[in-house]
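Please look through the sequence and the structure below before reading on. The paragraphs after them explain a few local features one at a time.

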Amino acid sequence: MHVFDGSAPAAGAHYVPLPRPLSEIERLAQEHGCGHLVLVQASVYGHDNRLLLAALRASAGRHRGIVVLHGRESSAELAAMHAAGVRGVRFNLVSPVGSAAADAEALLPVLAPELRRLGWHVQWYAHPQHLPLLARLQERCGLPFVLDHLAGLTPLHADDADAWPALHALAQGGAWVKLSGWYRLQAQPPYGAVQPLVRAVAECLGERMVWGSDWPHTFFEAQAMPTYESLWLPVVRALGEQAAQRVRTAGARLYT
């Protein structure tokens, strides 16, 4: 999930965030039995991670974070982020203020030695056509990758001849997939169209899957945000209750 405080977004941002403080999602998460969260740097803040880091420090170790880096951070700065709870770096190849694939491909090898030293992973918001590139990068850099929003797979990619072999290669290298953002995948509530894809991804990744609420759902107007239950139930329906509950707790392994 993301946190926002209404501060100015980065230049070129495609939306202006409304204030969505950590306390708001903490209340909602507690109602559903979730006390530990993963805060992901929102694309509209670029590599200004101050809001995310402040939220992590305020949580006194309960939560973890994923930041966006520009590659000029010192070892001391990265160590301070780690102490605050950061466990990964994000590349966004989709949003208007994200990175071009070529820029990410150039930056990751620069970051990789420090990321390996810290034990961080690399989170990607990418389209399925990027998966062959990501498979090559993961092998080259020796870092586990986490693929946002079902690796971008939509019902149109059920038999994609390039995406699925690449996903299998990523899986063999230790990649994870985040089960999230159904509404970003050409699916409508109750999201039955993604359930076969979730099962296919589970067959490929095993139990290296985590669920994400994607709160506060920047895809929607504030008054039309989907409910927590509507985004969780597709996982249960696709995998069954026991396997779904294992997905809920898998983050304890990924975000140690």
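What follows describes a predicted model, taking the pockets, then a pair of helices, then some backbone details.

We begin with the open spaces. The largest pocket has a volume of about 1100 Å³. It is lined by 46 residues, and those closest to its centre are M1, V38, W211, G212 and S213. Several elements give two or more residues to this lining: the helices α1 (22–31), α9 (241–249) and α10 (251–254), together with the strands β1 (38–40), β3 (86–92), β4 (121–125) and β7. Of these, α9 provides the largest share, 4 residues. Sorted by class, the lining of the largest pocket holds 19 nonpolar, 19 polar and 8 charged residues.

The second largest pocket encloses about 260 Å³. Its lining is made by 15 residues, with V68, L69, V97, G98 and S99 closest to the centre. Two or more residues of that lining come from β3 and also from α4 (101–118). The classes here are 6 nonpolar, 7 polar and 2 charged residues. Strand β3 thus appears in the list for the largest pocket and in the list for the second largest pocket.

Next come two helices. The axes of α6, residues 163–172, and α7, residues 195–205, approach within 9 Å and cross at roughly 40 degrees. The crossing angle makes α6 oblique to α7. On the α6 side the contact involves W164, L167, H168 and A171, which meet L197, A200, V201, C204 and L205 of α7. This contact between α6 and α7 has 8 nonpolar residues, 1 polar residue and no charged ones.

The backbone also deserves a look. Most residues other than glycine have a negative phi, and most peptide bonds are trans. In the loop between β6 (176–179) and α7 lies P190, which is joined to P189 by a cis peptide bond with omega of about 5 degrees.

Another cis peptide bond runs from W215 to P216, with omega near 5 degrees. P216 sits in the loop between β7 (209–211) and α8 (228–239). D214 is found in the loop between β7 and α8, and has a positive phi of about 65 degrees although it is not a glycine. H217 is also in the loop between β7 and α8, and its phi is positive too, near 60 degrees.

Are D214 and H217 buried or exposed? D214 counts as buried because its relative accessibility is 7%. H217 is buried as well, with a relative accessible area of 3%.

Definitions and conventions: Residues are numbered from 1 along each chain as its sequence is written. This is a predicted model: local features need pLDDT of at least 70, side-chain atom pairs count only at pLDDT 80 or more; totals for chains, interfaces and linings use all residues. Side-chain values use heavy atoms; hydrogens and water are left out. Axes are lines fitted to C-alpha atoms, for helices over the stretch in contact, and angles run from 0 to 180 degrees between N-to-C directions. Angles under 35 degrees count as roughly parallel, over 145 as roughly antiparallel, 65 to 115 as roughly perpendicular and the rest as oblique. Contact means heavy atoms within 4.5 Å. Ala, Val, Leu, Ile, Met, Phe, Trp, Tyr, Cys and Pro count as nonpolar, Asp, Glu, Lys and Arg as charged, and the others, Gly among them, as polar. Buried means under 20% relative accessible area, exposed over 50%, partly exposed in between (1.4 Å probe, protein chains only). On a 1 Å grid over the protein atoms alone, a cavity is a set of points where a 1.4 Å probe fits but cannot get out, and a pocket is an open set with protein on both sides within 12 Å along at least five of seven lines; lining residues have an atom within 4 Å of a point. Grid points are joined across faces, edges and corners, and a volume is the space filled by probe spheres set on the points.
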